[in-house]
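Subject: Structure handed over, with notes on helix packing and sheets

Dear colleague,

I am passing on the structure we spoke of, together with some notes that I hope you will read beside it. Please keep the coordinates open as you go through them.

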Amino acid sequence: MPNAAMTQDELKAQVGRAALDHVVRGEIVGVGTGSTVNKFIEALATIRDQIKGAVSSSEASTQRLKALGIPVFDSNEVDELAVYIDGADEIDGRGYMVKGGGAALTREKIVAAQSRRFVCIADASKRVEVLGRFPLPVEVIPMAARRVARQFAAQGGTATLRTKDGQPLVTDNGQHILDVNGLSIREPLAFESEVNQWPGVVTVGVFAHQKASLCLLATPEGVQTLRY
């Protein structure tokens, strides 16, 4: 029965459980990062004896998986993953996403590229018509941050260095993050390809070349399955 009173936390838990249907038993599963994925990790622990383990996209997810008794493999130990399950900050009608709000975009993109299918788990607030409303995360080598910010300014974007406790945030890879406001990304594939070529950019948070195969979207009416 529809429940309009469901909290965002409850919606995330609902979609995290639904993702279990897409986990291939007997294999290693790719696991992303973030608050929605944390709910999936909790659900995954209930079937941990049915999987070989996980490849994780962040130190935080690795710690959560290990704490729940799920073996974590280095990505270099695995040739290919059947499925990668991760959240998104935005997802459009074609399965293109913006990711990186949790600063794990580079490792997320690596594991996504290693996987045959990308299953996005999100709540309905993440669904957009055009990417760009959420500030676009871009992981950069620190010495390039100011010049990359100027390149975004030339496209109408305003880039801000992400900080934590008054200092530049440092990613798991030892790099910095720019968050870019003011963009309207109507051609995600072309945009991702262009920005990836800018010297000093490690990863842009547009996931178009590694787009979602399907999205499990949590709504008060239940989990919708969107296929792309």
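The notes below take up the helices, then the sheets, and then a few single residues.

Please bear in mind throughout that this is a predicted model.

Helix packing

I begin with helix α1, which spans residues 8–18 and whose buried residues are Leu 11, Lys 12, Ala 13, Gln 14, Val 15, Gly 16 and Ala 18. These buried residues of α1 pack against helix α2 and against three strands, namely β7 (115–123), β15 (214–219) and β16 (222–227). The axes of α1 and α2 are 8 Å apart and make an angle of about 50 degrees, and the two helices are therefore oblique to each other. Their crossing, that of α1 and α2, is right-handed. On the α1 side the contact involves Asp 9, Lys 12, Ala 13, Val 15, Gly 16 and Arg 17, which meet Ser 35, Thr 36, Lys 39, Phe 40 and Ala 43 of α2. Sorted by class, the residues of this contact between α1 and α2 comprise 4 nonpolar, 3 polar and 4 charged.

Helix α2 (residues 35–44) also packs with helix α3 (residues 59–67), here at an angle of about 25 degrees and with the axes 10 Å apart. The helices α2 and α3 are therefore roughly parallel to each other, and the crossing of α2 and α3 is likewise described as right-handed. From α2 the contact draws on Asn 38, Ile 41 and Leu 44, and from α3 on Ser 61, Arg 64 and Leu 65. By class, the contact of α2 with α3 holds 3 nonpolar, 2 polar and 1 charged residues.

Sheets

One open sheet has 4 strands, arranged in the order β9-β12-β8-β13 with antiparallel pairing. At its edges stand β9 (158–161) and β13 (201–204), each of which has a single partner strand, so that one side of each is left without a neighbour in the sheet. From one strand to the next, the twist averages 30 degrees. Strand β8 (residues 136–140) runs antiparallel to β13 and is joined to β13 by 3 bridges; within this pairing, Glu 139 has Thr 203 of β13 as its bridge partner. Helix α6 (residues 188–196) lies across β8 and β13, and its direction is at about 165 degrees to β13.

A residue of edge strand β9 may be worth a look, namely Thr 160. With a relative accessibility of 44%, Thr 160 counts as partly exposed. Leaving aside residues up to four places away in sequence, Thr 160 touches Ile 177, Leu 178 and Asp 179. Between Thr 160 and Thr 106 there are 18 Å in space, C-alpha to C-alpha, and the two are 54 residues apart in sequence.

Another open sheet is formed by 3 strands in the order β5-β6-β14, again with antiparallel pairing. Its edges are β5 (90–91) and β14 (206–207), and each has a single partner strand, so one side of each has no neighbour in the sheet. Strand β6 (residues 97–98) pairs with β14 in the antiparallel sense over 2 bridges, and Val 98 stands opposite Val 206 of β14.

Backbone points in two loops

Two residues deserve a check of their backbone angles when you go through the loops. Ala 103 has a positive phi of about 70 degrees although it is not a glycine, and this residue lies in the loop between β6 and α4 (105–113). At 12% relative accessibility, Ala 103 counts as buried. Asp 165, which is not a glycine either, has a positive phi of about 55 degrees. Asp 165 is placed in the loop between β10 (163–164) and β11 (167–168), and its relative accessibility of 74% means that Asp 165 counts as exposed.

With best regards

How values were computed
Residues numbered from 1 in each chain as written. Predicted model: local features only at pLDDT ≥ 70, side-chain atom pairs only at ≥ 80, totals over all residues. Heavy atoms only, no water. Axes fitted to C-alpha atoms, helices over the stretch in contact; angles between N-to-C directions. Parallel < 35°, antiparallel > 145°, perpendicular 65-115°, else oblique. Left-handed = near helix turned anticlockwise from the far one by under 90°. Contact = heavy atoms within 4.5 Å. Nonpolar A, V, L, I, M, F, W, Y, C, P; charged D, E, K, R; others polar. Pairing = 2+ DSSP bridges. Buried < 20%, exposed > 50% of the residue type's maximum accessible area, 1.4 Å probe, protein only.
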